[in-house]
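Biologist: Before we use any of the labels attached to this model, I would like to go through them one by one and ask what each rests on.

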Amino acid sequence: MDPEYRFKHKHVLGLADFSAEDIQSVLQTAESFKEISSRSIKKVPTLRGKTIINFFFEPSTRTRLSFEVAAKRMSADTFNISNSGSSTVKGETLIDTARNLAAMNPDCIIIRHPRSGAARLLAGHIKASVINAGDGTHEHPSQGLLDLMTVREAKGKLAGLKIAIIGDIAHSRVAHSNIIGFSKMGASVTVSGPATLIPPGIEELGAQVSRTVMEAVDGADVIMALRIQKERQQDPLFPSLREYAQFFGVSHRVVAAAKPDAIIMHPGPINRGVELDPKLADGSRSVILEQVTNGVAVRMALIYLIMGGD
Amino acid sequence: MPGLILLKNGRVIDPANGIDQNLDVLIADGKISAVAQPGSLPEEKGRLVYDLLGKWVVPGLIDMHVHLREPGQEYKETIETGTRAAAAGGFTAVAAMPNTKPVNDNQAVTLFILAKAAQAGFAKVYPVGAISSGSKGEHLAEFGELRQAGAVAVTDDGLPVGNSQLMRRALEYAGNHDLLVISHAEEMTLSHGGAMNDGPLATRLGLRGIPHVAEEIMVYRDLALAEFTGRPIHIAHVSTRESLALIRRAKGKGVAVTAETAPHYFTLTETAVDGYNTLAKMNPPLRTEADVAAIREALRDGTLDAIATDHAPHGELDKDIEFDLAANGIIGLETAVPLTLQLVRENQLDARRMVELLSLNPARILGVSGGTLSVGAPADIAVIDPEQKFVFTEESILSKSRNSPFLGWELQGKAVLTILDGRITWRQEPFSS
């Protein structure tokens, strides 16, 4: 890495804004922070006196908790606001609510929102740093980074790997951030799933599209299954979960087509038996819980870096 | 009573009479009283004289597609502010879409609009009634009563007529009352939930796309119904290449179809929404380079008959929010002239064609007066300075709303004087003769 390089982003809105060096820098920082979580006293004073607000408009267990754990392990003060308790349900606009929060002088607002672009909208109206914890079907950059970290840990590198992402690419912000992130780091990404769930122009983000799952995983180093959102069943995207599992689920047969040492990932929460065979989720190739562990380290790194630490 | 006005030395462009040359125009008693060689009309006492050398004198522009928002959404626009903006843009008449609150599906709303317009006095307002009661797409609105009260056309604009049988009946029944049927072409099961043009950019932004076929399927249906019923149809705000191909084909077969596009569809592509710019969010959405090129071609070759602005004022509250939730539409009355003149400067259109698209054809399609400078016609006139450059800023806007993707653009060409029935409704100050 260029010795002159410095991480200069104030906000983390999407991996589309990050260079390969930015990603490299986050991963390195995260790797050095990971050890903190394995200590018996899991806390460093780095961000003492800093205020971080978790502003979540969508239900979330692991992402919200992961950000909160990350912030607390660095001694920042954290506050959580969820949609049901916030004044947006009383008719206040996102920007008004955000300005009110900003008036309490937080250093960073972490936002999860069902609308694409919401994090960018927020960043344009307040002084604090903004971290996008998932906006609509746009991006989920911290998830993308933790996936990159997990793969790099397992494989020792990213460049030259083949990543197969299987499932609902159209509605998955995780897939978008992963396609962008892995491509920027020199890996090749192939996606597959029902054609109804492959959005137009996904190639422009850096992915290749395969018609069948078997073709997509052929020779893959990494297989990532995406969650099928059962609530999308009104839209006629595929006939049934039963048929989905049969043709697009990641099974032992599918895994057999990948490299012998291929790893299996899933951003969670898993519909066991739909997009992923339960035995594979719990099996030796699965790095799903490593993803969760690395999530904390990556989020510590992001919070630390945007607050100008070095 | 409006006095005598003499417009000297301007370039008079009047396609209805095949005129494009420097002439003097005399206005008396609210009508065009003479059009003659420069210097041949005496500058008698009491005449207001304008020397318009280098400027264009054209029939007052007619915008056949505006949303004046009154009654119901006066915080966005009123009939007074909207028609004042129209006058400043060179327009002397506008057709007011019926999606007010309440919907203009009855004579009471139509008469209210006409009364407010007369009170304001900035432009002729032609009310357009709803096709269906409440624009709910279920039952025909009372076309006869709407026509009697002063409506010139019907549409459920803002929404398509999803029910094909209702659209067929509307076309048939509109014939009894001499009303034009205007189609907002959108197949809702395809466009539902969409926020921008479907394609790679929508994918990158994580926004649900509105595919071009959503428009084209409905354009085809309405052309088929027009042919089947033998009744004329007008297709509003055409945005796609394939819609134009369908319209061209229908015209070739002799179907009575006319069509309009808006300046944004020949000026901008979907890239204007990148960064979640809600000022470029509209329905139909901005499309691609290929669509823009096809629209320009169709303006030249006659497939498109009119340029209408689809002036759609919205307040900050409707635009400064999440992209998905933001309202569709932009204001357009004050930018139509410079954006269309850009096509003239690029030799895509000639001046005469521009006047046809913005004045003569809308008058003919709607069956209203205006669109010409014939002696005896109402003195509805726009004087355009084609050279004047200006930066389009929020402060300069006369509309009550500011939602334009052209804010900050340097534009060229401006209406400097607008005359309605012989009265001056807009004069840019200081006026340089």
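**Strands, domains and contacts**

Modeller: In this predicted model, strand β1 (residues 51-56) of chain A pairs with β2(A) in the parallel sense, over 6 bridges.

Biologist: What makes β1 and β2(A) a pair of strands?

Modeller: Pairing requires at least two bridges between the strands, and β1 and β2(A) share 6 bridges, so the criterion is met. Within this pair, A:N54 has A:N80 of β2(A) as its bridge partner.

Biologist: Why is the sheet called open, and which strands are its edges?

Modeller: The 4 strands of chain A follow the order β2-β1-β3-β4 with parallel pairing, and β2 (77-82) and β4 each pair on one side only, which makes them the edge strands. Neighbouring strands of this sheet are turned against each other by 15 degrees on average, with direction ignored.

Biologist: How do you know that domain 1 and domain 2 of chain A touch, when their C-alpha centres lie 25 Å apart?

Modeller: Contact is judged residue by residue, with C-beta atoms within 7 Å, and by that test 23 residues of domain 1 are in contact with 20 residues of domain 2 of chain A. On the domain 1 side, α1 (20-34), β4 (129-135) and α11 (288-306) of chain A each supply at least two residues, and that side divides into 11 nonpolar, 8 polar and 4 charged residues.

Biologist: What makes up the contact between chain A and chain B?

Modeller: Chain B contributes 15 residues and chain A 21 residues; the chain B side comprises 7 nonpolar, 3 polar and 5 charged residues.

Methods:
Residues are numbered from 1 along each chain as its sequence is written. Chains are lettered from A and ligands numbered from 1 in the order in which they are written. This is a predicted model: local features need pLDDT of at least 70, side-chain atom pairs count only at pLDDT 80 or more; totals for chains, interfaces and linings use all residues. Two residues are in contact if their C-beta atoms, placed from the backbone, lie within 7 Å. Ala, Val, Leu, Ile, Met, Phe, Trp, Tyr, Cys and Pro count as nonpolar, Asp, Glu, Lys and Arg as charged, and the others, Gly among them, as polar. Axes are lines fitted to C-alpha atoms, for helices over the stretch in contact, and angles run from 0 to 180 degrees between N-to-C directions.
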